[in-house]
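Visitor: I am new to this structure and would like to be walked through it slowly. Could you show it to me before we begin?

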Amino acid sequence: MRAVNPEAEGRVYPDVKFVVEPDRVAAFRAVFGQADGVPPTFLTAAEFAVLPPIIGDPALDLDFTKVLHGGQEYELVRPLREGESLTVRPRIESVRVRAGTGFVVIAMDLFDAAGEPVARTRSTMIERGAS
Amino acid sequence: MTRRLDDVAVGQELPELRRVVNRDDVKAYADAGGDQNPLHQSDEFARGVGFDGVIAHGMFTMGHMAACVVAWAGDAAAVSAISAQFRATVSMGQEIVAGGRVRAIDAETRTATLELWVSSEREGETEWPIKRGEATVHLT
């Protein structure tokens with residue numbers, strides 16, 4: 001029975017630029033009926049700028065059709081600013097397999113143009129077992 | 001306006017925030033958030049991987065929970081941490097209810113720690129699309 005590869009733990013991926021586009025923030029706010037500001041979970045947009053190649057990384061060997069989002073954590077040093085450009089630095093924090101079910105934690109650190117930390121994200125992906 | 005420290009007490013409940021999840025909103029979320037997984041857009045795909053039909057993104061449900069927190073906090077910028085564990089899927093047409101309460105207050109740092117959840121009634125049973133949600137909110 002195949003499962004996600006625990007040896008992928010600790011892998012780092014190249015930095016990616018992410019711009020906090022005001023139009024996109026506005027669209028995100030509209031979905032949740034928010035009047036102003038950058039919603040804290042807008043950080044997901046930065047994660048998705050980076051996630052597809054990680055989820056598709058052959059070294060991780062994740063079966064995308066079996067993946068569910070198990071949990072999500074966001075920490076903000078300061079709120080995101082509309083229009084700013086951020087650097088997203090992703091890594092695989094941990095990979096565990098229990099009874100055929102895989103648990104992958106993907107963490108990302110976000111930095112602003114001055115190199116100051118802005119936020120950290122931690123996403124748990126669950127690969128459902130073959131049962 | 002950001003909520004004041006003086007107006008917060010341990011055990012205080014956040015006003016519940018309800019919404020019925022529909023396909024258009026989930027598609028709008030996919031476009032804004034960037035998660036175009038077909039599991040959230042194609043019934044055929046969703047059935048092929050063992051669901052009855054399209055389900056909402058976990059992040060759609062968490063975004064709703066965050067909206068409940070922001071409404072209480074008075075300002076999106078006041079939320080310095082937020083987390084969730086996804087424990088049940090949400091189908092189209094299902095109503096979700098976000099709620100929470102103040103678990104702790106730190107007067108020194110002027111922050112409140114909230115415990116949060118999203119519940120949903122399905123076929124007479126209470127499900128928990130989000131359990132053990134948490135947030136840290138700055139107070140003025």
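Guide: Accessible areas come from the Shrake-Rupley method with a 1.4 Å probe, and for residues only the protein chains shown count as cover. This is a predicted model, in which local features need pLDDT of at least 70 and side-chain atom pairs count only at pLDDT 80 or more, while totals for chains, interfaces and linings use all residues. Residues are numbered from 1 along each chain as its sequence is written, chains are lettered from A and ligands numbered from 1 in the order in which they are written, and side-chain values use heavy atoms, with hydrogens and water left out.

Visitor: What share of the area that chain B exposes do carbon and sulfur atoms supply?

Guide: Chain B has 140 residues, of which 49% count as buried (under 20% relative accessible area, with a 1.4 Å probe and protein chains only). The area that chain B exposes is about 6,300 Å², and the share supplied by carbon and sulfur atoms is 45%.

Visitor: In what order do the elements of chain B run?

Guide: Chain B holds three helices and five strands, which are DSSP runs numbered from the N terminus (helices H or I, at least four residues; strands E, at least two). Read from the N terminus on, the order is β-α-α-α-β-β-β-β.

Visitor: Is A:Thr121 buried or exposed?

Guide: A:Thr121 has its place in strand 5 of chain A, residues 117-127. Its side chain makes a polar contact (here a pair of N or O atoms within 3.5 Å, one able to donate a hydrogen and the other to accept it) with the side chain of A:Glu47, at 3.3 Å. Because its relative accessible area is 1%, A:Thr121 counts as buried.

Visitor: Which element gives the largest share of the lining of the largest pocket?

Guide: A pocket is an open set of points on a 1 Å grid over the protein atoms alone, where a 1.4 Å probe fits, with protein on both sides within 12 Å along at least five of seven lines, and lining residues have an atom within 4 Å of a point. The largest pocket holds about 410 Å³ of space, and among the residues closest to its centre are A:His69 and B:His40. With four residues, the largest share of its lining comes from strand 2 of chain A.

Visitor: What volume does the second largest pocket have?

Guide: The second largest pocket is lined by 13 residues, and those nearest its centre include A:Thr124 and B:Gln85. A volume is the space filled by probe spheres set on the grid points, which are joined across faces, edges and corners. For the second largest pocket, that volume is about 200 Å³.

How values were computed
Buried < 20%, exposed > 50% of the residue type's maximum accessible area, 1.4 Å probe, protein only.
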